[in-house]
Amino acid sequence: MDKQQLTYTEAITRLETIVNKIDNGQMDVDSLAANLKEAKQLVAFCRQKLQQVDEEVKHILSDETAD
């Protein structure tokens, strides 16, 4: 998936898929490392998105209270 086109919801859904496959024993050893690497990147992407939204909300709220 292209990170620039990826949404937070899509990233969370993909993470859930990876976790479910690991939990259910549906992931073979050959793809485990690649999936864990992808999961790590997705977590970082989600954290960044949440931080951006948090900053935007704080900015919006500070502008509202300044009026």
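Is Leu32 buried, exposed or partly exposed? In this predicted model, Leu32 is partly exposed, with a relative accessible area of 32%. The legends below go through the views one by one.

**View 1. The whole chain, a protein of two helices and zero strands.** Here's the overall picture before zooming in. The helices are α1, covering 8-23, and α2, covering 29-66. Of the 67 residues, 15% count as buried. The accessible surface adds up to about 5500 Å², and carbon and sulfur atoms hold 52% of that. Take the contacts in the protein with a separation of 6 or more: residues 24 or more positions apart make up 70% of them.

**View 2. The nonpolar surface patch around Leu32.** Back to the residue we opened with: Leu32 belongs to helix α2. Together with Ile22 and Leu36, Leu32 makes a nonpolar surface patch of about 220 Å². Leu32 has a relative accessible area of 32%, so it counts as partly exposed.

**View 3. The largest nonpolar core, built from nine residues.** Now for the inside. The members are Leu6, Ala11, Leu15, Ile18, Met27, Ala39, Leu42, Phe45 and Cys46. Both α1 and α2 chip in, each with at least two residues of this core. The largest share, four residues, is supplied by α2. As a rule of thumb, nonpolar side chains in soluble globular proteins tend to be buried together.

**View 4. Cys46 and its contacts far along the chain.** Zoom in on one of the core residues, Cys46. Which residues does Cys46 touch, leaving aside its neighbours within four places in sequence? Cys46 is in contact with Tyr8, Ala11, Ile12 and Leu15. Among these partners, Ala11 and Leu15 are also on the list for the largest nonpolar core.

**View 5. Val43 facing up to Ala11 across 8.0 Å, C-alpha to C-alpha.** Val43 sits in helix α2. Along the chain, Val43 and Ala11 are 32 residues apart, yet their C-alpha atoms are separated by just that 8.0 Å. Val43 is partly exposed, at a relative accessible area of 31%. Ala11, for its part, is one of the residues in the largest nonpolar core.

**View 6. Asn35, a buried residue of α2.** Is this asparagine buried or exposed? Asn35 counts as buried, since its relative accessibility is 12% and the cut-off for buried is under 20%. Neighbours within four places in sequence aside, Asn35 is in contact with Arg14, Ile18 and Met27. Two of those names, Ile18 and Met27, also turn up in the largest nonpolar core, while Arg14 comes back in the next view.

**View 7. The salt bridge between Glu38 and Arg14.** The protein has two salt bridges by count, and here's one of them. The side chains of Glu38 and Arg14 meet at 2.9 Å, N to O. Glu38 is in helix α2 and Arg14 in helix α1, so this pair ties together parts that are 24 residues apart in sequence. As for cover, Glu38 is partly exposed at a relative accessible area of 27%. Arg14 counts as partly exposed too, with 22% relative accessibility.

**View 8. The salt bridge between Lys58 and Asp54.** What separates the two partners along helix α2? About one helical turn, because Lys58 and Asp54 are four residues apart in α2. Their side chains meet at 3.2 Å, N to O. Lys58 counts as exposed, with 53% relative accessibility, whereas Asp54, at 38%, counts as partly exposed.

**View 9. Asp28 in the loop between α1 and α2.** Last stop, the stretch linking the two helices. With which residue does the side chain of Asp28 make a polar contact? The partner is Ser31, side chain to side chain, at 2.5 Å. Asp28 counts as partly exposed, its relative accessibility being 42%.

Terms used: Residues numbered from 1 in each chain as written. Predicted model: local features only at pLDDT ≥ 70, side-chain atom pairs only at ≥ 80, totals over all residues. Heavy atoms only, no water. Core = buried A, V, L, I, M, F, W, Y, C linked by side-chain atoms within 4.5 Å. Buried < 20%, exposed > 50% of the residue type's maximum accessible area, 1.4 Å probe, protein only. Contact = heavy atoms within 4.5 Å. Areas by Shrake-Rupley, 256 points an atom, 1.4 Å probe, with all protein chains shown as cover. Patch = residues over 30% accessible without salt bridge, like charges linked within 9 Å, V, L, I, M, F, W, Y side chains within 5 Å. Salt bridge = Lys/Arg side-chain N within 4 Å of Asp/Glu carboxyl O. Polar contact = N/O pair within 3.5 Å; in protein donor to acceptor, adjacent residues only side chain to side chain.
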